[in-house]
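Hello,

Here is the structure I promised to pass on to you. Please have a look through it, and then read on for my notes.

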Amino acid sequence: MNLNLFKIYFGVAFSLLAAASAWASASLVQIAENDTLLIDDFEDGDYNSNLGVWESFTGEGYNATFGRSIVDSEEKNSKVLRIDYEFQDEQENNGWEWMETRVLVANYTSLDFSNCTEIQFDYKADYQNNSAYDNWLDLRFRVEGDDKNAYVETDYHSIPLDASDDWQTVTVHWNDFFQDGWGINLPVETVQKNMLAFGWFWHTEHAAQGTIELDNFRCINQPKYEVTFMADGKVFASDMYYSGTTPRDPLEECKYYDLCTRPTKEPSETMMYTFKEWNKNIEPVTAPTVYTALFDSAVISVGEPLNMVGDTLLLDDFEDGNGVGLLGGTWEFFDAQQTEESGSTSSIETVSENKILGIGNLAEPEEPYEWLGARLYLLEDSSAVDMSQCEAIQYRYKGESHQFRVESEYENGWQHYHKDLPSSDDWTTANIDWNRLEGYEWVDEGNLPLKQVGVIKHKVVALTWQKDWFSIDADGKGPIEIDDIQCIRNLPKVLVEFYSEGNKVGETSVPYATYFKNVETPNAPVKVSENGEKYVFVGWTPEMYYDFELTKNLRLDALFVPTRKLVVAGQTLLLDDFEDGDMVGEQGNEWSFTTDGESATVNMTVAGDADGKWLQADFTNEEGSYTRVDIVLNLRDDGVALDLSQCDAIQYDYRTAATHQFHLGTIFDNLEIARDYFETEWGDEDGVNWRTKTVYLESDGLECHSGCKPVSEVKKAVFQLSWSFEDGAENATLEIDNIKCLRTKFGAMTISAVDSTAIIDGLFTDGEVLGIPEDIVVKNVELQRTFEVGKSSTVMLPFSIDVSKVNGADFYSLAEMEYADGQWKAGATKVTGTLEANTPYLAIPTASAITFDLEENETVTLNTTGSKVTKLGDWEFRGAYGAIAMADSTHLLGRAYGFAGEDKDGYKIGEFVKLGKGATIPALRTYLVKTETESAQCPAGAMCAPHANSVASIEDLPDRITVEFLDEKENVMAVETLDAKTGKIRLDRYHLDSWYDLRGRRLNGKPSAKGTYYNNVNMVIIK
């Protein structure tokens, strides 16, 4: 492997310590495949790694001391980092001392380590117990992530390390880490893409001392290979694994649980198959690998043939009243309680002239598991029947919930499969096909794999209807009535129709008993706005749960909710701070509370002191009673939901000693408000300290119960915010203050409220328009966009800045459009003063990235009002705040010119392209358009789309447009020619002997110092 220094994504090698301010948030760390990034080997003798600085610290107020040094190790014959530590008597700190040493990856800026697939380091951990108590060293290596560029919200994942007197080499992969339980609970994949630091954390229960030594800390980019497990020609499991790692056996859980998903092979009419083993041993990955399931085969043992005639075969309708089925088998009634006092009865009864099977009440048992029911042996001698001609068992029932079972006997044990049925006040028809049956965990180990449940139909001994005390609903203790049991050959199809505002928008026909989650639904319908109100589609009515079985034709109507967008013009919008002394939020609705029981009492008041006011909720509950209490901020009470699309996070201050949860109240897929999206927050131990919580309204930031929609959809229809106390709390107080909506995303721009950085996505092509109507002041700006040196491009910025503060490009204003000698020529003049906000510019990159050098106390002001259009006769040079897609309905089609942003369709980065159908202008780019008459400037916040008077015909457009780039002295620096028909450009000539450093800063002539530079568009190494 080659050992390379750190490289950022645009491929320029340099020290992060010297240029930390130039890095974009979560920039990708480039490590070539099979290469190694050396983070530190300490041979330089300082605490600066090839990434960021090393830090060592202990918890504030803890009775611990440490010293760090870089020493020569005789064992390794090299320099190593050494931490000497001592934990004193820790009684004041509840027996928990801790310490950490870590290396920052970019000095409090996060980086993307997706190309670091394997982490290695050497360590030695000496430990001595200085206490009279049992003691141990808890040492962990951990990764610290920060996906919000907000240091206070770090997240930790770690692995344990053993104490060792000898040097150990550790190899770690990202899937080896586990969640520490601190921080904001990000998936480790998110942490990897937003790394803040690598750390070594240790603590002891009692007094101790020792040393931690580290060396050769490095990241390796191991190649990743696909490993596939096949069964019967189908993919059973598949995943990607790094070279040298051992794939996980997908049957690992089968070592501990009998009831697990095993590979299956479809049985034939005469043969059944059971999994035996994989075709080879599972070994570390070195290339794409396929494992194939091997099966043992056995002849299917079958019972007496059923010999159906027609589509149905009646098994019993009880009209004979004799307790014998129509195939000759007898009915058996069983009651596990076996006592006369139980009140449990089963019999054949006469009801309204018709005889039925009745299963009586199941009294509350003294033992934890009791049951009763009825079993129909199909044949007189209780032998098996081959029911393969029977697609389903059908019967009618009325009454409480119960369980239907099929019992089959094979040489390897009994096969019990069941289906739970809900209660019904009216007679209901149940159709149970073989694939709807489920297995039991307690069945013998010889139980057939559930995927082959259809095999049991060849040898059915009995059908059973059973009720027990715990395995069915609470209402299953009462009586049930059963009639007309028959075998049916063909199950009917079910038709599902979808309507929106009375119009059919789709239909589908599915097999009987298909789960609703497997039904393909139409795209979300749209309801036209009325009276200024917009509508959000929230689901179908009647409500269909994901595991709802479709057993009859069904009509579903689209359900819409009227919404009003919550406008967040700046970075924050206050929802309530209680300074007015009332319990009415800023949106005009009152605070309230709800409970799910009568055992709780809640008292809500506005409390305060000299520093301000807040909401205080006191909760009292009976001991042992698990009652949930929600403190609710109603956002609307007029049936109109709030669209929180502009609200990226909810932030609030709280003080409590109890655990609480924050919830979004939404009605998606539910006619009632559902609090399915939540985040748990632990309180302070004594409830004395105020804390600030930021809940990001993202799927990664909020937990969800089953069947939830993406949070990005859910937050478009929110009715309330709520805070719930932990279940089982007897007495608690929750204080809340300063509830705010935080906005961080503005179309192509994301703004961090923590470090005041604006991050521009240079490839943004989503539909949202960048609109900042109120001034937002930031301290840093990062443009995430890769340029190719010397290839022309376009830029528009939503802020003004002196051009001397901008590195990486020379900027030009389009100054004239002149028609001469049968061709059009555009003149572009170099900008030497200020790059004006919302103004279109041409740019010739001098580096791979454009960066902004702001001093420590310097800021820029973001605002998108007052967009400027450069008018040049019948031509206009415009900027785009949102992506503009060329389509048949776009007036720009055929008369607009842009710059290619990537190598595609034969064009190269920086080439002029005549925009055709399907092309897209990304946000904050500029374009040239031909109009016949002058048009007004774009309105504030608009995308600068074409005006209605843009009527020039495509045939009138020029074949060639020549662009001359002039420097500040009006010397021609470059000449480029545009072919309007082919969309290609050629660089005719490039004047001036210009030199630049790797950050794109122009130099005064050819440099004399050794290094790598750009001379015009060419990279030059001066030795």
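Which side chains meet in a salt bridge at 3.7 Å, N to O? They are those of Arg 743 and Glu 768. Before I say more, please keep in mind that this is a predicted model.

**Salt bridges**

Arg 743 sits in the loop between strand S52 (731-742) and strand S53 (745-746), while Glu 768 belongs to the loop between strand S55 (757-761) and strand S56 (776-778), so their salt bridge ties together parts that are 25 residues apart in sequence. The two partners also have their own degrees of cover. Arg 743 counts as buried because its relative accessibility is 5%, under the 20% cut-off. Glu 768 has a relative accessible area of 40% and is partly exposed.

In total, the structure holds 26 salt bridges. One network, joined by salt bridges that share partners, consists of Glu 55, Glu 100, Arg 102, Arg 142 and Glu 144. Within it, the closest N and O atoms of Glu 144 and Arg 142 are 3.5 Å apart, and both of these residues are buried.

Another pair worth finding is Glu 407 and Arg 375, whose closest N and O atoms lie 3.1 Å from each other in a salt bridge. Glu 407 is part of strand S28 (residues 402-410) and Arg 375 of strand S25 (residues 371-377), so this pair links parts that are 32 residues apart in sequence. Both Glu 407 and Arg 375 are buried.

Which residue has its C-alpha atom 5.8 Å from that of Arg 375, although the two are 88 residues apart along the chain? That is Leu 463, a residue of strand S32 (residues 460-468). Leu 463 is buried, with a relative accessible area of 0%.

**A buried threonine and a charged patch**

Thr 794 is in strand S58 (residues 793-795) and is buried, at a relative accessible area of 2%. Its side chain reaches the backbone nitrogen of Thr 926 at 3.1 Å.

For something on the surface, look at Glu 579, Asp 580, Asp 582, Glu 586 and Glu 590, which form a negative patch. One of them, Asp 580, is in the loop between strand S40 (572-576) and strand S41 (591-595). With 44% relative accessibility, Asp 580 is partly exposed.

Strand S41 also holds Phe 593, which counts as partly exposed at 39% relative accessibility. From Phe 593 to Asn 603 there are 10 residues in sequence and 9.2 Å in space, C-alpha to C-alpha.

**Backbone details**

Most residues other than glycine have a negative phi, and most peptide bonds are trans. With that in mind, here are some places to check.

- The peptide bond from Thr 541 to Pro 542 is cis, with omega near 5°. Pro 542 is in the loop between strand S37 (534-541) and strand S38 (549-550).
- Ser 382 is not a glycine, yet its phi is positive, at about 60°. Ser 382 lies in the loop between S25 and strand S26 (385-386) and is partly exposed, with a relative accessible area of 35%.
- Asn 738, also not a glycine, has a positive phi of about 50°. Asn 738 is found in strand S52 and is partly exposed, with a relative accessible area of 25%.

Happy exploring, and best wishes!

Methods:
Residues numbered from 1 in each chain as written. Predicted model: local features only at pLDDT ≥ 70, side-chain atom pairs only at ≥ 80, totals over all residues. Heavy atoms only, no water. Patch = residues over 30% accessible without salt bridge, like charges linked within 9 Å, V, L, I, M, F, W, Y side chains within 5 Å. Areas by Shrake-Rupley, 256 points an atom, 1.4 Å probe, with all protein chains shown as cover. Salt bridge = Lys/Arg side-chain N within 4 Å of Asp/Glu carboxyl O. Lys, Arg positive; Asp, Glu negative; His and termini not counted. Charge placed at Lys NZ, Arg CZ, Asp CG, Glu CD. Helix = DSSP H or I, 4+ residues; strand = E, 2+ residues; numbered from the N terminus. Buried < 20%, exposed > 50% of the residue type's maximum accessible area, 1.4 Å probe, protein only. Polar contact = N/O pair within 3.5 Å; in protein donor to acceptor, adjacent residues only side chain to side chain.
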